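Student: I have the coordinates loaded and would like to talk through the fold with you. Could we go piece by piece?

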Amino acid sequence: MALEFYGSSDVGCVRRANEDRILLDASLGIFAVCDGMGGHRNGATAAELAIAGLRYFMGFSTDLDATWPYGYNFELSLNANRIATGIKIANRQVWDRAAQETEFAGMGTTVVAVLIEGSTVTVGNVGDSRAYLFRGGRFSQLSVDDSVVADMCEQGLIAEGAGRHHPARNLLTRAAGADEDVEVHICEEEWRKDDALLLCSDGLHGVVDERMIESVLASGEPVELCLQKLIDEARSLGAPDNVSGVLLRCI
């Protein structure tokens, strides 16, 4: 099986600077989207540190002989441990920089990352950047939102889908760099021919309706064209935030 992929990050229609960062490394099989927070310089720095930490760990953690600074969970696969540890290292990189330099205090970033090896896709996330799987005409979210709105939906306080316009829609309950340690959501799926996987910041999924995303992915058009259509749609709707995505397809 071969992999087709494309990533792009757009400043949007309102923000002056882009605090999102993406990672595309087919040689390591790692792809990610990070949405930085804390102001122009701080948000961008947090996202860059997270990307660097994640890529660094993926580069040498291909077997059990690697150093596992947060321990090894034998209930998870090797790649699940790799991506969880990579995100925890990313978290510590952001946390340490914020602790060392006052000007970076309070910065953080979301992280959604996918590691593809053979026929397995491993997704890890912190925050509200998302991973979606499109398979056989069906569209599903693989990541878990760490947000106030997601918690309210789970508790039945607001209806599913009502969060898009809720006043607390941008409030996160977890992000890389917000605390010294972080829990990472992990999901593993079989990677099948014609599957598509979309990683995106809330500048995309918070603006573009999921039915629109689904219809674009269902078109079967090249990943570059599909992703650009989604970014263009976000911009046509005002794109109040940076808009970033990575789209992968198994061919």
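**A walk through the fold**

Tutor: Happily! Let us begin with Ala-239, which counts as buried at 0% relative accessibility. Keep in mind that this is a predicted model.

Student: Where is Ala-239, and what is its phi near?

Tutor: Ala-239 lies in the loop between α6 and β11. Most residues other than glycine have a negative phi. Ala-239 is not a glycine, yet its phi is positive, near 30°.

Student: Asp-194 has a positive phi too. Is Asp-194 buried or partly exposed?

Tutor: Asp-194 is found in the loop between β9 (185–190) and β10, and its phi is about 75° although it is not a glycine. The relative accessibility of Asp-194 is 48%. Buried means under 20% and exposed means over 50%, so Asp-194, at 48%, counts as partly exposed.

Student: Let us turn to the sheet. In what order do the 5 strands of the open sheet come?

Tutor: A good way in is through the edges, β1 (3–10) and β8 (138–141), each of which pairs on one side only. The twist averages 15° from one strand to the next. The pairing is antiparallel, and the order is β1-β11-β10-β7-β8.

Student: How many bridges join β10 to β11?

Tutor: Strand β10 covers residues 196–200 and strand β11 covers residues 243–250. One place to look is Cys-200, which stands opposite Gly-245 in β11. The two strands run antiparallel, and the number of bridges joining them is 5.

Student: Which residue in β10 is the bridge partner of Arg-130?

Tutor: β7 and β10 pair in the antiparallel sense, over 5 bridges. Within β10, the bridge partner of Arg-130 is Cys-200.

Student: And on the β8 side, which residue is the bridge partner of Phe-134?

Tutor: β7 and β8 pair over 4 bridges, in the antiparallel sense. They form a hairpin with 2 residues between them, and Gly-136 in the turn has a positive phi of about 55°. Tyr-132 has Gln-141 in β8 as its bridge partner. For Phe-134, the bridge partner in β8 is Phe-139.

Student: Which residues point the other way from Arg-130, Tyr-132 and Phe-134 in β7?

Tutor: In a regular strand the side chains alternate between the two faces of the sheet. In β7, 6 of its 6 residues are buried. Arg-130, Tyr-132 and Phe-134 point one way, and pointing the other way are Ala-131, Leu-133 and Arg-135.

Student: Which strands does helix α6 touch, and at about what angle to β1?

Tutor: Two helices that pack on the sheet are worth looking at here. Helix α5 (residues 210–218) touches β7 (130–135), β8, β10 and β11, and its direction makes about 125° with that of β8. Helix α6 (residues 223–236) touches β1, β10 and β11, and its direction makes an angle with that of β1 of about 25°.

Student: Now for the nonpolar cores. Which element gives the largest share of the largest core?

Tutor: That core has 30 residues, and Ile-30, Leu-54 and Met-107 touch the most other members. The elements giving two or more residues to it are β3 (30–37), α1 (40–60), α2 (78–100) and β5 (111–117). With 8 residues, the largest share comes from α1.

Student: How many residues are in the second, separate core?

Tutor: You have already met one of its members, Phe-134. Val-207, Ile-231 and Ala-234 are also included. The size of this second core is 21 residues.

Student: Which side chain joins that of Thr-110 in a polar contact of 2.7 Å?

Tutor: Thr-110 is found in the loop between β4 (108–109) and β5, and it is buried, with a relative accessible area of 1%. Its side chain reaches the backbone nitrogen of Asp-35 at 3.1 Å. The side-chain partner at 2.7 Å is Ser-129.

Student: One last topic: how many disulfides does a search of the whole structure find?

Tutor: A disulfide needs two cysteine sulfur atoms within 2.5 Å. For Cys-13, the nearest cysteine sulfur is that of Cys-200, 17 Å away; for Cys-187, the nearest is also that of Cys-200, 15 Å away. Neither Cys-13 nor Cys-187 is in a disulfide. Over the whole structure, the number found is 0.

Methods. Residues are numbered from 1 along each chain as its sequence is written. This is a predicted model: local features need pLDDT of at least 70, side-chain atom pairs count only at pLDDT 80 or more; totals for chains, interfaces and linings use all residues. Side-chain values use heavy atoms; hydrogens and water are left out. A nonpolar core is a set of buried Ala, Val, Leu, Ile, Met, Phe, Trp, Tyr and Cys residues joined through side-chain atoms within 4.5 Å. Buried means under 20% relative accessible area, exposed over 50%, partly exposed in between (1.4 Å probe, protein chains only). Two strands pair if DSSP finds at least two bridges between them. Axes are lines fitted to C-alpha atoms, for helices over the stretch in contact, and angles run from 0 to 180 degrees between N-to-C directions. Contact means heavy atoms within 4.5 Å. A polar contact is a pair of N or O atoms within 3.5 Å; within protein, one must be able to donate a hydrogen and the other to accept it, and residues adjacent in sequence count only if both atoms are side-chain atoms.
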